[in-house]
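Thanks for coming. I'll take a few minutes to walk through one model, and you can follow along on the screen.

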Amino acid sequence: MSEVNEENKEKCFVIMPISDQEGYLVGHFTKVYEQIIRPSVEEAGYEAYRVDENTICDTIMNKIFSAIQECPMAVCDLSGRNPNVLYELGLRQAYDKPVVLIQDDKTEKIFDVSGISTVFYNSARTYENVIKAREEIKKAIIATKEGKANTLAKVMKVNAADFSMVEASKDDKTNVMLEGIYDKIKELNNNMQEGYPYSITADPQNGITLYNNNDIEKGTILNITVEYENSKQINRFIDAVTSNTIGLITFENKKISENMMVFKFIFSSKEACRMEFNHIIVRAHNLDIDIIENYTI
């Protein structure tokens, strides 16, 4: 039997928890990927692709957006209800891109919409269960490829986001996608939280407002005022944060004096904000940047 050239295989974007998760043994999801997901994807005729395996010099967010836009297939593991996984799935579904949903038996079912199927697997990963999960996920991938499985956009009878900007650059496309997603999120929040008073000020002490939005969830905003020595130092800090911070949706910064700057970081969830708070502080200290003030909203 002739071997299939891996370079000719289409990529399947794997959306799943990458780091260790609460309630699971160390290395659990690495084993799920290696024992269940990757073999299933390969048996279905695709090359499994995770952004952490991509060694190309680029930010994590750019790798994610590229995979969301360009990979013809995706598998999303909902196990553990990881906020970053749900965020990436939301982007994928917003553009009506094919995706196979899977999750373990420990996680409560997230989607209860008729027509959206989820493949369940046993988290214990015994030999019999692994073989069964591989086969079921492989079949789901093939069915999705053949158009036999519904997407959320089809079930909800809404149009996919329009992304036919032929002449636009990659960065322009990313910005358009983010703006469209933010508008949809804002619209949903307006419908769900109408009349809920909540304003945000980035730095009340200095009277600076970077955001004034009534629709952002409490506990997802981190404000930091820093003092630095030179532009190279602060630029290295910004690069470190934007390329390595998990769950960061966006951020804004404003210079308030010659060597001081205020940052506002907006995260996808309270959990991501809490998890990354110390990481951002450590990155600042490692670059000899002084934290003058920090607080969450």
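Let me begin with a loop. Arg-125 sits in the loop that connects E5 to helix H4, residues 127-145. Its phi is positive, near 60 degrees, and the residue is not a glycine. As background, most residues other than glycine have a negative phi. Keep that in mind, since a second case comes up later.

Before going further, a word on confidence. This is a predicted model. The chain has an average pLDDT of 76, and 69% of the residues score at least 70. Where in the chain is confidence highest, and where is it lowest? Strand E1, residues 11-15, is at the top with 96, while helix H6, residues 170-192, is at the bottom with a mean of 49. Over residues 184-214 the pLDDT is below 50, and in the model that stretch has 61 contacts beyond near neighbours in sequence.

Now the sheets. Strands of a sheet pair through backbone hydrogen bonds, either parallel or antiparallel. Here we have an example of each.

The parallel one is an open sheet of five strands, ordered E2-E1-E3-E4-E5. At its edges are strand E2, 47-49, and strand E5, 118-121; each has a single partner strand, so one side of each has no neighbour in the sheet. On average, neighbouring strands here are turned by 25 degrees against each other, direction ignored. Strand E4, residues 100-104, is joined to E5 by four bridges, and the two run parallel. If you want one pair to look at, Ile-102 has Val-119 in E5 as its bridge partner.

The antiparallel one is an open sheet of four strands, in the order E7-E8-E6-E9. Strand E7, 248-257, and strand E9, 290-296, are the edge strands; with a single partner strand each, they are left with one side lacking a neighbour in the sheet, so the sheet stays open there. The average turn between neighbouring strands of this sheet is 15 degrees, direction ignored. Strand E6, residues 221-227, runs antiparallel to E9, and six bridges join them. One of the pairs is Leu-222 with Thr-296 in E9.

What packs on this sheet? Helix H8, residues 270-286, does, touching E6, strand E8 (260-267) and E9, and its direction makes about 10 degrees with that of E6.

Staying with H8, we can check its length. At 1.5 Å a residue, its 17 residues should span 24 Å, and the end C-alpha atoms are 25 Å apart, which agrees. The helix does bend, by about 35 degrees at Glu-276. Glu-276 is also among the buried residues of H8, along with Ala-272, Cys-273, Ile-280, Ile-281, Arg-283 and Ala-284.

After H8 comes the second positive phi. Asp-288 follows the helix and is found in the loop between H8 and E9. Its phi is near 60 degrees, again in a residue other than glycine. Is Asp-288 buried or exposed? It is exposed: the relative accessible area is 56%, and the cut-off for exposed is over 50%.

Last, helix H2, residues 60-70. Eight of its 11 residues are buried, so the helix is largely enclosed by the rest of the structure. The buried ones are Met-61, Lys-63, Ile-64, Phe-65, Ser-66, Ala-67, Ile-68 and Gln-69. Note that a lysine, Lys-63, is on that list.

That's it from me.

Terms used. Residues numbered from 1 in each chain as written. Predicted model: local features only at pLDDT ≥ 70, side-chain atom pairs only at ≥ 80, totals over all residues. Heavy atoms only, no water. Pairing = 2+ DSSP bridges. Axes fitted to C-alpha atoms, helices over the stretch in contact; angles between N-to-C directions. Contact = heavy atoms within 4.5 Å. Buried < 20%, exposed > 50% of the residue type's maximum accessible area, 1.4 Å probe, protein only. Expected span 1.5 Å × (residues − 1). Bend = angle between axes of the 7 residues up to and from the residue. pLDDT = per-residue confidence, 0-100.
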